Amino acid sequence: MACLTQLHDDIDNRVHNILHDHPDWLCRKGCDHCCRQLANIPQLTPAEWALLKEGLQSLPAQQLREVASRLNNLPSSRPFTCPMLELATGTCPVYAQRPVACRTYGFYIQRDQGLYCTDIESQTDEGKWDGVVWGNQDVIDRQLGSLGPSRALNDWFHHWIAETEQNSTR
Ligand code: SF4
Ligand code: SF4
């Protein structure tokens, strides 16, 4: 059974190798198109949520309130912007604790759906990234499946807030 740390290490290695061989790779700080184009609310395993919660707990109170407000007011139409994205800077405030899907995006391919990033995909179609050894998203998804049942980010979040409020009134 994979553990989350092992999974992160494997992904980090893959990403490192791709970036090492291709220093002009498009993924870099400030490129936030993927964070602004979510097709669905992120699904997290218990281990991913435990880590992400650590990141959220370390945010300033006002920033956490803003995340909560965006999670409470998710738009009904897709795609939408990740509720955690810092809109002014295009950066992720929980980057070190981000879910696995955010770590593989742009570097892994899913058998039926291909690459998710259209910017990288169009360069791939032009032959720019010939020779890249992509990660296999299907393998990652299978390993994530062994970490326990996933729940939607807003479910985890609301459960956590309710629990915190309950504990504070005891
Ligand atoms: S996956 Fe695409 S949109 Fe996201 S950081 Fe990489 S290049 Fe930018
Ligand atoms: S958690 Fe961070 S990296 Fe992932 S989609 Fe949201 S803002 Fe982007």
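In which loop is the place of P79? In this predicted model, P79 is found in the loop that runs between helix 3 (61-72) and helix 4 (100-104). The peptide bond that joins R78 and P79 is cis, with an omega of about 0°. As background to this feature, most peptide bonds are trans.

The overall architecture of the chain comprises seven helices and four strands, and these elements follow one another from the N terminus in the order α-β-α-α-α-β-α-β-α-β-α. The radius of gyration is 17 Å, which is close to the 15 Å that the globule rule gives for 170 residues, and the chain is therefore as compact as a globular protein of that length. Measured out along its principal axes, the C-alpha trace spans about 60 × 40 × 30 Å. Of the 170 residues in the chain, 20% are buried. When contacts with a separation of 6 or more are considered, 80% of them are accounted for by residues that lie 24 or more positions apart.

The interior of the model can be described through its nonpolar cores. In soluble globular proteins, nonpolar side chains tend to be buried together. The largest nonpolar core in this chain has 11 residues in all, namely L44, W49, L51, L52, C82, M84, L85, V94, L153, W156 and F157. Two or more residues of this core are given by helix 2 (46-57) and by helix 7 (153-168). A second core, separate from the largest one, has seven residues, among them L7, A101, F107 and L144.

Two ligands are present, and each is described here by the residues of its shell. Around ligand 1 are L26, C27, C31, H33, C34, Y105, G106, C117, D119 and I120, and by class this shell has seven nonpolar, two polar and one charged residues. Ligand 2 is surrounded by C35, C82, M84, L85, C92, V94, R98 and C102, a set that divides into seven nonpolar residues, no polar residues and one charged residue. Among the residues around ligand 2, C82, M84, L85 and V94 are also members of the largest nonpolar core.

Individual positions illustrate how residues far apart in sequence are placed in space. I11 lies in helix 1 and counts as partly exposed, because it has 17 C-beta neighbours inside 10 Å. Apart from its neighbours within four places in sequence, I11 is in contact with R103, T104 and G135. The C-alpha atoms of I11 and F107 are 8.9 Å apart in space, although 96 residues separate the two in sequence; F107 is itself one of the residues of the second core.

A comparable description applies to I161, whose place is in helix 7. I161 has 14 other C-beta atoms within 10 Å and is therefore partly exposed. Between the C-alpha atoms of I161 and A68, which are 93 residues apart along the chain, the separation is 9.2 Å.

D24 is located in the loop between helix 1 (4-21) and strand 1 (43-44). Because D24 has 8 C-beta neighbours inside 10 Å, it counts as exposed. From C-alpha to C-alpha, D24 and S77 are 34 Å apart in space, with their positions 53 residues apart in sequence.

Notes. Residues numbered from 1 in each chain as written. Chains lettered and ligands numbered in written order. Predicted model: local features only at pLDDT ≥ 70, side-chain atom pairs only at ≥ 80, totals over all residues. Near = placed C-beta within 6 Å. Nonpolar A, V, L, I, M, F, W, Y, C, P; charged D, E, K, R; others polar. Buried ≥ 20, exposed ≤ 12 C-beta atoms within 10 Å, placed from the backbone. Core = buried A, V, L, I, M, F, W, Y, C linked by C-beta atoms within 7 Å. Rg over C-alpha atoms; globule rule 2.2 N^0.38 Å. Contact = placed C-beta atoms within 7 Å.
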